[in-house]
Amino acid sequence: MTLTSAARVAGHGVTLNTILMTCEVDIPTGVSVDVLLFDTSPTNSTFTDNATLAVNVADIPFLVGCVSLSERFDLGTPAALIARNVGIQLAPTASTTLYAVAVVRGAATLNLAATTDVRFAFGFLQD
């Protein structure tokens, strides 16, 4: 995910306050989601749907945060996961943009009809 305008000014800091993930299908018990945050686009890595995560070692210096979405809300058939009061201070290196990758973990399967079944909202406090 490309998080444009995460910072107000290029190179200035932001504080990540919340991440909300909504899903149009149920999120089974046993499924968790981690969000990896990068201050530079991780172009050396290939992130593929339904494949094991493999971050290229050349992108590790750009990794600036990891957040587990642990609080689950049952909304009937849809569901939501949230991380509140995250408090990670970030600073995009050369622009106002940050980058994020969501990783589904656990023994259960998240059965999506399309990638548009999942949406993310990031809450930033800009310096």
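Is F47 buried, exposed or partly exposed? F47 counts as partly exposed, because its relative accessibility is 33%. The legends below describe views of a predicted model.

**Figure 1. The whole protein chain, built from strands.** The protein chain holds 9 strands and 0 helices. Read from the N terminus, its elements run β-β-β-β-β-β-β-β-β. The radius of gyration is 15 Å, close to the 14 Å that the globule rule gives for 127 residues, so the protein chain is as compact as a globular protein of that length. Along the principal axes, the C-alpha atoms fill a box of roughly 40 × 30 × 20 Å. Of the contacts with a separation of 6 or more, 80% are between residues 24 or more positions apart.

**Figure 2. Surface and charge of the protein chain.** The exposed area is about 7,000 Å², and carbon and sulfur atoms supply 51% of it. Buried residues make up 35% of the 127 residues. The protein chain carries 10 negative and 5 positive side chains. The centres of these two sets lie 5 Å apart.

**Figure 3. The aromatic pair of F38 and F47.** A search of the whole structure finds 3 aromatic pairs. In the pair shown here, the ring centres of F38 and F47 are 6.4 Å apart and the planes meet at 50°, so the pair is tilted. F38 counts as buried because its relative accessibility is 0%. F47, at 33%, counts as partly exposed.

**Figure 4. The aromatic cluster of F120, F122 and F124.** F120 and F122 form a stacked pair, with 6.2 Å from centre to centre and 25° between the planes. F120 counts as partly exposed, with a relative accessibility of 22%. Together with F124, F120 and F122 make up one aromatic cluster.

**Figure 5. G123 in strand β9 and its contacts.** Strand β9 covers residues 118-126 and includes G123. Leaving out residues up to four places away in sequence, G123 touches T15, L16, N17 and T18. G123 and T15 are 108 residues apart in sequence, yet their C-alpha atoms are 8.5 Å apart in space.

**Figure 6. P92 in the loop between β7 and β8.** P92 is buried, with a relative accessible area of 1%. Strand β8, which bounds this loop on one side, covers residues 98-105. Not counting neighbours within four places in sequence, P92 is in contact with A7, G11, H12, D39, T97 and L98. P92 and G106 are 14 residues apart in sequence, and their C-alpha atoms are 31 Å apart in space.

**Figure 7. Positive phi values at S5 and N85.** Most residues other than glycine have a negative phi. S5, a residue other than glycine, has a positive phi near 60°. S5 is found in the loop between β1, residues 2-3, and β2, residues 14-23. N85 is also not glycine and has a positive phi, near 50°. The loop that holds N85 runs between β6, residues 79-83, and β7, residues 88-90. N85 is exposed, with a relative accessible area of 66%.

Notes. Residues are numbered from 1 along each chain as its sequence is written. This is a predicted model: local features need pLDDT of at least 70, side-chain atom pairs count only at pLDDT 80 or more; totals for chains, interfaces and linings use all residues. Side-chain values use heavy atoms; hydrogens and water are left out. Helices (H or I, at least four residues) and strands (E, at least two) are DSSP runs, numbered from the N terminus. The radius of gyration is taken over C-alpha atoms; the globule rule is 2.2 Å times the number of residues to the power 0.38. Buried means under 20% relative accessible area, exposed over 50%, partly exposed in between (1.4 Å probe, protein chains only). Contact means heavy atoms within 4.5 Å. Accessible areas come from the Shrake-Rupley method with a 1.4 Å probe; for residues, only the protein chains shown count as cover. Lys and Arg count as positive and Asp and Glu as negative; His and the chain ends are not counted. The place of a charge is taken as NZ of Lys, CZ of Arg, CG of Asp or CD of Glu. Rings of Phe, Tyr and Trp (its six-membered ring) pair if their centres lie within 6.5 Å; planes under 30 degrees apart count as stacked, over 60 as edge-to-face and the rest as tilted.
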